[in-house]
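Subject: Structure handover

Hello,

The structure is below for you to keep. My notes on it follow, so please read them with the model open.

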Amino acid sequence: MSAIDARHLALTYADGTEAVEDVSLDIPEGEFFGFLGANGAGKTTTIKMLVTLLRPTSGSVAVNGYDVEDSPRRVRESIGYMAQETSIDPELTARENVRYACEAYGVSRDRRGERIDELLELVDFVDVADKRAKEFSGGMKKRLDVATALAHEPPVVFLDEPTTGLDPKARNRLWDYFERINDRGTTVFLTTQYLEEADHLCERIGVIRDGEIAVSGSPEELKSRVGGDVLELDDPTPTNVERAREVAVDSRLAADADDVEATEEGLLVRSAEARRYGTDLLVSLRDAGLSVVGFNVRSPTLDDVFLAVTGEEYDAEGGESGGDTDDPGGDGGGADAETTARQAPR
Ligand SMILES: Nc1ncnc2c1ncn2[C@@H]1O[C@H](COP(=O)(O)OP(=O)(O)OP(=O)(O)O)[C@@H](O)[C@H]1O
């Protein structure tokens with residue numbers, strides 16, 4: 001049985017916006033699935049249909065074998081949902097928030113005390129269990145959100161941008177919990193603004209564009225579809241970039257013009273020959289009277305996949321730095337050696 005089986009899902013909002021046009025997903029039990037797309041591509045609308053908060057205009061969805069139209073209550077009982085907005089009560093302590101979630105999700109009275117302790121332990125809240133949630137940092141609130149979404153041990157959890165705005169340390173910590181629950185057999189459906197997060201966590205990824213799945217596959221499969229390596233030229237002046245683009249398109253590197261993209265930093269060329277002939281391009285640029293300030297050849301990342309599929313750079317608002325810390329009253333918890341080492345190579 002699939003954990004999530006969505007067929008030809010579509011949703012048009014009352015104002016006529018066709019947010020989701022045709023989304024089919026078949027996610028096996030126990031998979032860690034990443035759902036990616038630019039802002040407004042239809043991710044949240046899709047999740048809301050999967051968790052019974054929005055009724056599809058057409059198509060069908062079964063979650064854990066229950067049809068969302070026929071058995072919405074069964075679906076809700078069998079899933080955990082961590083929405084973008086926090087669901088914890090700032091006036092309650094961590095323990096009270098978790099207890100409330102256990103009651104709301106119908107965890108039996110006999111089991112409740114034990115389950116509350118397990119959940120607090122899972123997200124490392126034992127020492128601060130009796131502090132009020134309003135005293136917690138952004139990262140801690142997210143961890144508490146994770147605990148409450150898991151109260152009833154659901155076989156499937158939906159995480160909608162669970163780490164947005166967190167600093168790398170807090171994010172890494174959450175990644176550990178997500179991996180832990182997936183290791184226990186829980187199916188995870190994740191949306192994220194951070195492609196390195198999807199790369200690190202997900203076994204399979206689907207990219208939604210204009211309300212339809214544009215590509216899906218494992219991170220490695222998707223990266224291999226970029227076709228070779230990626231050569232980056234840094235040049236901040238747009239006029240130079242435009243001329244450099246013409247030189248690159250004419251070079252033996254690019255199979256066609258689509259392999260050359262202007263980026264915020266300068267220019268990017270996807271090519272199976274990037275390592276072999278990359279320096280030839282530098283010579284051609286110099287001959288054309290252009291100099292570059294930076295040059296680099298690297299393996300493709302999911303950012304390259306995204307750029308190739310959508311023609312846009314993946315939006316990562318909330319940023320890599322200056323995010324919400326996991327450490328209230330601390331020094332902001334910058335990236336330590338371990339954190340840095342765990343980031344996907346760029
Ligand atoms: N209640 C609504 N009424 C009308 N249009 C809506 C509504 N909610 C979302 N939309 C539109 O539907 C489209 C898809 O929105 P959705 O929130 O699903 O995208 P998303 O991929 O989750 O984006 P984000 O990353 O910004 O959350 C967008 O064009 C959005 O403006």
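Which helix gives the most to the shell around the ligand? Helix H1, residues 43-50, does, with three residues. Please keep in mind throughout that this is a predicted model.

The ligand is surrounded by residues that include Tyr13, Asp15, Thr17 and Ala19, then Gly37, and then the run from Asn39 through Gly40, Ala41, Gly42, Lys43 and Thr44 to Thr45. By class, the shell has seven polar, three nonpolar and two charged residues.

On the chain as a whole, UniProt has an unreviewed entry that lists residues 4-235 as "domain: ABC transporter". Over residues 4-235, helix makes up 35% of the chain and strand 28%. The C-alpha atoms at the two ends of that range are 45 Å apart.

The rest of my notes are on helix packing. Two packed helices are described by the angle between their axes and the distance between those axes.

Start with helix H3 (residues 94-104) and helix H5 (residues 138-149), whose axes come within 8 Å and cross at roughly 30°. An angle under 35 degrees counts as roughly parallel, so H3 and H5 are roughly parallel to each other. Their crossing is right-handed. On the H3 side the contact has Ala94, Asn97, Val98 and Ala101, which meet Leu144, Ala147 and Thr148 of H5. This contact has five nonpolar and two polar residues, and no charged ones.

H5 also packs with helix H6 (residues 168-183): the axes come within 10 Å and cross at roughly 15°. That angle makes H5 roughly parallel to H6. Here too the crossing is right-handed. H5 contributes Gly139, Lys142, Arg143 and Val146, while H6 contributes Ala170, Arg173, Leu174 and Tyr177. The residues of this contact are four nonpolar, three charged and one polar.

The last pair is H3 with helix H4 (residues 109-122), packed at an angle of about 125° with axes 10 Å apart. That makes H3 oblique to H4. H3 passes H4 in a right-handed crossing. Ala94, Arg95, Val98, Arg99 and Cys102 of H3 meet Arg112, Arg115, Ile116, Leu119 and Leu120 of H4. Six of the residues in this contact are nonpolar and four are charged, with no polar ones.

When you go through the model, note that Ala94 and Val98 of H3 appear in the contact with H5 and also in the contact with H4.

Regards

Notes
Residues are numbered from 1 along each chain as its sequence is written. This is a predicted model: local features need pLDDT of at least 70, side-chain atom pairs count only at pLDDT 80 or more; totals for chains, interfaces and linings use all residues. A residue is near a molecule or strand if its C-beta atom, placed from the backbone, lies within 6 Å of it. Helices (H or I, at least four residues) and strands (E, at least two) are DSSP runs, numbered from the N terminus. Ala, Val, Leu, Ile, Met, Phe, Trp, Tyr, Cys and Pro count as nonpolar, Asp, Glu, Lys and Arg as charged, and the others, Gly among them, as polar. Axes are lines fitted to C-alpha atoms, for helices over the stretch in contact, and angles run from 0 to 180 degrees between N-to-C directions. Angles under 35 degrees count as roughly parallel, over 145 as roughly antiparallel, 65 to 115 as roughly perpendicular and the rest as oblique. A crossing is left-handed if the near helix is turned anticlockwise from the far one by less than a right angle, and right-handed if clockwise. Two residues are in contact if their C-beta atoms, placed from the backbone, lie within 7 Å. UniProt positions are given in the numbering used here, feature names are shortened, and annotations may be inferred rather than shown by experiment.
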